[in-house]
Amino acid sequence: MRSPYEELRLAFGDATVPYLYGTGCTPALAGTIVERLADVDAVLFVADDGVRGHADAVAAELGRRVRVERVQVEAAERHKTLPTVQHLLETAVARRLTRRSAVVAMGGGTVGNIAGLAAALLFRGTRLVHLPTTPVAAFDATVSLKQGVNLSTGKNLAGTYFVPALIACDLAWLATVPRHDLLTGLAEMVKNVLVAAPGLDDKLTRALDDLTSEPQAALRALLEIGVEAKAPYVAADPREQGGALIFEYGHTAGHAIEFVSGGQIRHGEAVAWGMLIAAEVARRRHGLAADDVAAHHRLVSLLDLPDAAARLDGLDRDAIRGVLAVDNKRGYGPCAAGEVLMVLLDTIGRAVPGLTGGPPLVPVAVAAVMDAFETVAMNALEAV
Ligand SMILES: NC(=O)c1ccc[n+]([C@@H]2O[C@H](COP(=O)([O-])OP(=O)(O)OC[C@H]3O[C@@H](n4cnc5c(N)ncnc54)[C@H](O)[C@@H]3O)[C@@H](O)[C@H]2O)c1
């Protein structure tokens, strides 16, 4: 009999993580999760508040097979903090989880990161299962070992790397993501095409076109784009501290925008603006060709972003400078005071090499990033 889901295997250095995915396969996935967690005695089921319906179905299926201790988490950047992680750890201990137990994280990237860090810390590491429910989580965040939370000064400043036991996604869970969030979440796929897989441009454009008419086929294609583009890099560089840093494209200005907006501008949208800002910086400094800048605008315009001025004008410029000053890539390469390290492209699909032959990051004056920010904030998105 045909399996109700497909299985990919993601390599992270020497580790291999199964990724199970399909459509309408929740009961089968739940059964397999418990089977693969050999000898599991209980599950801390960390569920995103935004997916209660899907989480009820998973909890019921898991609960037939193993003791389930459920905790709800509100997926908001202000809760992506060490106190939330501590709350999960205290709850796990109070509810008698043991070293044979597992953490099952169901939700978007925010809950995945919070629960992922908790799993890495509980008893110095318990088994972790990711059940991603947003495009960012399903097609990008889980194709990464990074687990991190925010500090009061900036995003993802505290965390670790942790290999999950399993990733499983019923693409039907993504059907409830509001259209704006679905599209902006796909900014990470635009990024993959721009930095690593220009050959997937047509496949991405088609999938974005088909999202309304054939959503499940489109989501499958998007998952493939996420994995195909990123998998070879994280296989060779599982800590994303070398070549895989290219996937930080758009994230320098993007993280600052996301953080300063207080999460109002979600991660994907912020990265989309961040990529346009990076393209503007690269146009001025590295001669990124007009066609390549236009390709950025064309792909980003497929995400149906709101007007740039309406989104970016109100953001506190000093606060953005402040976040750029503590960007979490500092230390990966030479970078003077008043500069920030960025991934820049000199052509689509090729990052500007790092100064010392190290990671593909170049120091850019914060003032130059802010100039590019103003250019992007002033201009309507050029649909080409
Ligand atoms: N390598 C990594 O670990 C990595 C990579 C990319 C992003 N991230 C992190 O992921 C976070 C962003 O994740 P995100 O974009 O998934 O947003 P999110 O997790 O903040 O979720 C956004 C909203 O969508 C809701 N939601 C989740 N699934 C839903 C569904 N199926 N239907 C309806 N609503 C749903 C959530 O409750 C929340 O209100 C950021 O904190 C970012 O730093 C991490």
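**Close-up views of a predicted two-domain model and its ligand**

**View A. Division of the chain into domains.** The chain is divided into domain 1, residues 6-176, and domain 2, residues 179-378. Where the two domains meet, the contact takes 30 residues from domain 1 and 33 residues from domain 2. The centres of domain 1 and domain 2, taken over C-alpha atoms, are separated by 26 Å. The model shown in this and the following views is predicted.

**View B. The shell of residues around the ligand.** The ligand is surrounded by 26 residues, of which Asp48, Glu77, Thr110, Thr133 and Thr134 come nearest. By residue class, the shell divides into six nonpolar, 11 polar and nine charged residues. Both domains take part: domain 1 and domain 2 each contribute at least three residues to the shell. Among the secondary-structure elements, helix 4 (109-121), helix 5 (135-141) and strand 8 each supply at least two residues of this shell.

**View C. Side-chain atoms close to ligand oxygen atoms.** In the side chain of Asp48, an N or O atom is 2.5 Å from an oxygen atom of the ligand. For Lys155, an N or O atom of the side chain is 2.8 Å from an oxygen atom of the ligand. Asn156 places a polar side-chain atom 3.5 Å from an oxygen atom of the ligand. The ligand taken alone exposes 870 Å², and the protein buries 88% of that area.

**View D. The hairpin of strand 7 and strand 8.** Strand 7 comprises residues 146-151 and strand 8 comprises residues 154-161; the two pair in the antiparallel sense over five bridges. Together they form a hairpin with two residues between the strands. One bridge links Lys146 to its partner Tyr161 in strand 8. Strand 8 also supplies at least two residues of the shell around the ligand, which connects this view with View B.

**View E. The hairpin of strand 1 and strand 2.** Strand 1 (residues 6-12) and strand 2 (residues 15-22) run antiparallel and are joined by seven bridges. Within this pairing, Ala11 stands opposite Thr16 of strand 2. The hairpin has two residues between its strands, and Gly13 takes a positive phi near 60°.

Definitions and conventions. Residues numbered from 1 in each chain as written. Predicted model: local features only at pLDDT ≥ 70, side-chain atom pairs only at ≥ 80, totals over all residues. Heavy atoms only, no water. Pairing = 2+ DSSP bridges. Helix = DSSP H or I, 4+ residues; strand = E, 2+ residues; numbered from the N terminus. Near = heavy atom within 4 Å. Polar contact = N/O pair within 3.5 Å; in protein donor to acceptor, adjacent residues only side chain to side chain. Areas by Shrake-Rupley, 256 points an atom, 1.4 Å probe, with all protein chains shown as cover. Nonpolar A, V, L, I, M, F, W, Y, C, P; charged D, E, K, R; others polar. Domains from an automatic or database assignment. Contact = heavy atoms within 4.5 Å.
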